[in-house]
Amino acid sequence: AHGAAQLDRLTAGHDLDLFLTYSSIAAAVGNIGQAPYAAGNAYLEAQARARRAQGRPATALAWGPIGETGYVARHNIGDAMAERGFQPLTVAEALATADGLLRSGTGVAGVGRYRWARARRLLPALGTARFTALVPTDAACGPEGRADLLRNLAAMTPDDARTAVTQTLTRLLAAVLHSEPEELDPTRPVTDFGLDSLLSTEFLVRAGE
């Protein structure tokens, strides 16, 4: 945000053809554990709208995940992003879409491929009125197997149900950490296992299934 503000100030006296910033879908839907990131990108989009209201050029492109290169590729999280409902685009798809948006003169636009009903399970903002056209209020938020799980747990004793839930969560956490369930102490808080925001989200996705 500070960098964009400086660019805005330093170019104020120039007749620019293009003022382009890169935002993120996180500005619109948020992201667990990344509030500052979402806020910074929201600033870029507000800046673009403000510049255009003043008759100055500005475009903010809100990217979804892009595969093949960059952060997603370096950290090998493309599959995890897809599980959350954010399907990475190829570089060619992203650039082709961005080119069309730049030619259209749009102030703020998004580039991405999403499965909104799936993403809604983790991002409460997608259940608000502003997203009704994308995610109907009756959109399914989880698989049908959840009802079967609840019925099975209801048939167990409280101790057996707690054991079953603990074993399941330990197995899911082990998968996220690329370790074996036997290596994890189920009595420790999840926060003790060094999960960053992306791994935490992956764990929530797996648990939600």
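A residue counts as buried here when its relative accessible area is under 20%. That cut-off is handy for strand S2, the starting point for this look at a predicted model. Thr-59, Leu-61 and Trp-63 point one way from S2, Ala-60 and Ala-62 point the other way, and all are buried. With five of its five residues buried, S2 (residues 59-63) is therefore largely enclosed by the rest of the structure.

S2 has strand partners in S1 and S4. With S1 (residues 20-24), the pairing is in the parallel sense and runs over five bridges. With S4 (residues 108-111), S2 again pairs in the parallel sense, this time over four bridges. A few positions help to get the register straight. Ala-62 in S2 has Ser-23 standing opposite. Leu-61 has Ala-109 in S4 as its bridge partner, and Trp-63 stands opposite Val-111, also in S4.

Both of those S4 residues, Ala-109 and Val-111, belong to the covered face of the strand. The uncovered face of S4 is made up of Val-108 and Gly-110.

Back on S1, Ser-23 is part of that strand and has a relative accessibility of just 4%, so it counts as buried. Leaving out residues up to four places away in sequence, Ser-23 touches Leu-61, Ala-62 and Trp-63, along with Asn-41, Leu-44 and Glu-45. Leu-61, Ala-62 and Trp-63 are themselves buried residues of S2. Tyr-22 also sits in S1, but here the story moves to the surface: together with Leu-18, Leu-20 and Leu-102, Tyr-22 forms a nonpolar surface patch. The accessible area of these four residues comes to about 360 Å² together.

On the inside, the largest nonpolar core has 14 residues. Those with the most contacts within this core are Ile-25, Val-29, Ile-77, Phe-86, Trp-116, Leu-123 and Leu-126. Val-29 makes a good way in. This residue is placed in helix H2 (residues 26-29), and its relative accessibility of 5% is why it counts as buried. Setting aside neighbours within four places in sequence, Val-29 is in contact with Phe-86, Trp-116, Leu-123, Ala-125, Leu-126 and Phe-131. One of these partners, Leu-123, is 94 residues away from Val-29 in sequence, yet the C-alpha to C-alpha distance is 6.7 Å. Leu-126 offers a view from the other side of the chain's numbering: beyond residues up to four places away in sequence, Leu-126 touches Val-29, Trp-116, Ala-119, Arg-120, Phe-131 and Val-135. Trp-116 and Phe-131 thus turn up among the contacts of Val-29 and also among those of Leu-126.

Then there are the charged side chains. Side chains of opposite charge can pair when their charged atoms come close. The structure holds five salt bridges. One of them joins Arg-113 to Glu-93, with the closest N and O atoms 2.9 Å apart. Arg-113 lies in strand S5 (residues 113-114) and Glu-93 in helix H6 (residues 91-104), so this pair ties together parts that are 20 residues apart in sequence. Neither end is fully out in the open: Arg-113 counts as partly exposed at 36% relative accessibility, and Glu-93 is partly exposed as well, at 31%.

Helix H6 also carries a salt bridge of its own, in which the side chains of Asp-99 and Arg-103 meet at 2.9 Å, N to O. These two residues are four apart in H6, so about one helical turn separates Asp-99 from Arg-103. Asp-99 is partly exposed, with a relative accessible area of 36%, whereas Arg-103 is exposed at 70%.

Helix H9 (residues 158-177) has a similar arrangement, with Asp-159 and Arg-162 three residues apart and separated by about one helical turn. The closest N and O atoms in the Asp-159 to Arg-162 salt bridge are 2.4 Å apart, and both residues are exposed. Elsewhere, Asp-8, Arg-51 and Arg-56 are joined into one network by salt bridges that share partners.

Notes:
Residues numbered from 1 in each chain as written. Predicted model: local features only at pLDDT ≥ 70, side-chain atom pairs only at ≥ 80, totals over all residues. Heavy atoms only, no water. Buried < 20%, exposed > 50% of the residue type's maximum accessible area, 1.4 Å probe, protein only. Contact = heavy atoms within 4.5 Å. Patch = residues over 30% accessible without salt bridge, like charges linked within 9 Å, V, L, I, M, F, W, Y side chains within 5 Å. Areas by Shrake-Rupley, 256 points an atom, 1.4 Å probe, with all protein chains shown as cover. Core = buried A, V, L, I, M, F, W, Y, C linked by side-chain atoms within 4.5 Å. Pairing = 2+ DSSP bridges.
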